[in-house]
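Colleague: I'd like to learn how to read helices and pockets from coordinates. Can you walk me through it?

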Amino acid sequence: MSAGEQNPAATPTPCADTQGDGRWMSMHNRHVSDSKDKEPDVLFVGDSLIQLMHQFEVWRELFSPLHALNFGMGSDATQQVLWRLSNGELDNISPKVVVLWVGTNNHGHTAVQICGGIMAIVQIIKNKLPHSRTLVLSILPRGKLPNPVRERNTEVNELVQEALSPLPHASFLNVDPGFIQSDGSISHQDMYDYLHLTPQAYRRVCQPLHAHLKSMLEKPAEN
């Protein structure tokens, strides 16, 4: 991107209601309502990988005891998450840690743009929740076989990790337990559609994440 050019991945944008049922905005409004009733220590924000986590036993087993709240929404890219967090989802809560997992749905964006979108989300969290820490999770590989989207996601992870490294209030965690096999393929037993995770794959991702979150929650917050 040239200087002064607007980054679409870092421009708060609500999801277009292409089906005319208002579903996305209804879910956003429910999150805003939930934020007024809950006092989470951990907030999970992101796309379908966050949203679906709530449906599996690992959520009840590992994250419910941490007083976690799930604000995942399917198909969200960085610009949708940025819009949601700028429009009420953070206004009534004060979690100790915000877990951010987003970027794989940024179709048509470059790695630099996606990194910019993720960093814009990290900044809005810092602005609205100055005493919270943000944990950015790595974008997972996708597709049965090697493909350009995998390569882009790897580049995003490298850029984001570098951008986060000097920040005291945010950090990066690689949550890929090794989904790519020796022949370059991903098993449908880990990703049933080569994007979304099976129960066993969620467990492989979430057990180390849970341990990392527990250690974060035990540390005093940075001001």
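Modeller: Sure. When I say parts touch, I mean contact: heavy atoms within 4.5 Å. And keep in mind that this model is predicted.

Colleague: Fine. What covers the buried residues of α6?

Modeller: The cover includes α5 (111–128), β4 (133–137) and β5 (170–173). The residues underneath are R150, R152, N153, V156, N157, V160 and L164. They take up an arc of only 155° around the axis, so they sit on the same side of α6.

Colleague: Why would buried residues line up like that in a helix?

Modeller: An α-helix has 3.6 residues a turn, so residues three or four places apart point the same way. In α6, the face turned away from the buried side carries exposed P148, E151, E158 and E162.

Colleague: How does the length of α6 check out, and what happens at its start?

Modeller: Its 17 residues, at 1.5 Å each, should span 24 Å, and the end C-alpha atoms are 24 Å apart, which agrees. At the start, a side-chain oxygen of N147 comes within 3.0 Å of the backbone nitrogen of V149.

Colleague: Now pockets. How do you find empty space?

Modeller: You roll a probe the size of a water molecule over the atoms, which shows where space is left. Here the largest pocket has a volume of about 290 Å³. Of its 16 lining residues, C15, A16, D21, R23 and W24 are closest to the centre.

Colleague: Which helix gives the most to that lining?

Modeller: α1 (residues 23–37), with four residues. In α1, W24, M27, H28, H31, V32 and S35 are buried. Those fall within an arc of 145°, so they line one face of α1. They pack against α2 (48–53), β2 (68–72) and α4 (78–86), while K36 and D37 are exposed on the other side.

Conventions
Residues are numbered from 1 along each chain as its sequence is written. This is a predicted model: local features need pLDDT of at least 70, side-chain atom pairs count only at pLDDT 80 or more; totals for chains, interfaces and linings use all residues. Side-chain values use heavy atoms; hydrogens and water are left out. Helices (H or I, at least four residues) and strands (E, at least two) are DSSP runs, numbered from the N terminus. The expected span of a helix is 1.5 Å times one less than its number of residues. Buried means under 20% relative accessible area, exposed over 50%, partly exposed in between (1.4 Å probe, protein chains only). The arc is that of the directions from the helix axis to the C-beta atoms. A polar contact is a pair of N or O atoms within 3.5 Å; within protein, one must be able to donate a hydrogen and the other to accept it, and residues adjacent in sequence count only if both atoms are side-chain atoms. On a 1 Å grid over the protein atoms alone, a cavity is a set of points where a 1.4 Å probe fits but cannot get out, and a pocket is an open set with protein on both sides within 12 Å along at least five of seven lines; lining residues have an atom within 4 Å of a point. Grid points are joined across faces, edges and corners, and a volume is the space filled by probe spheres set on the points.
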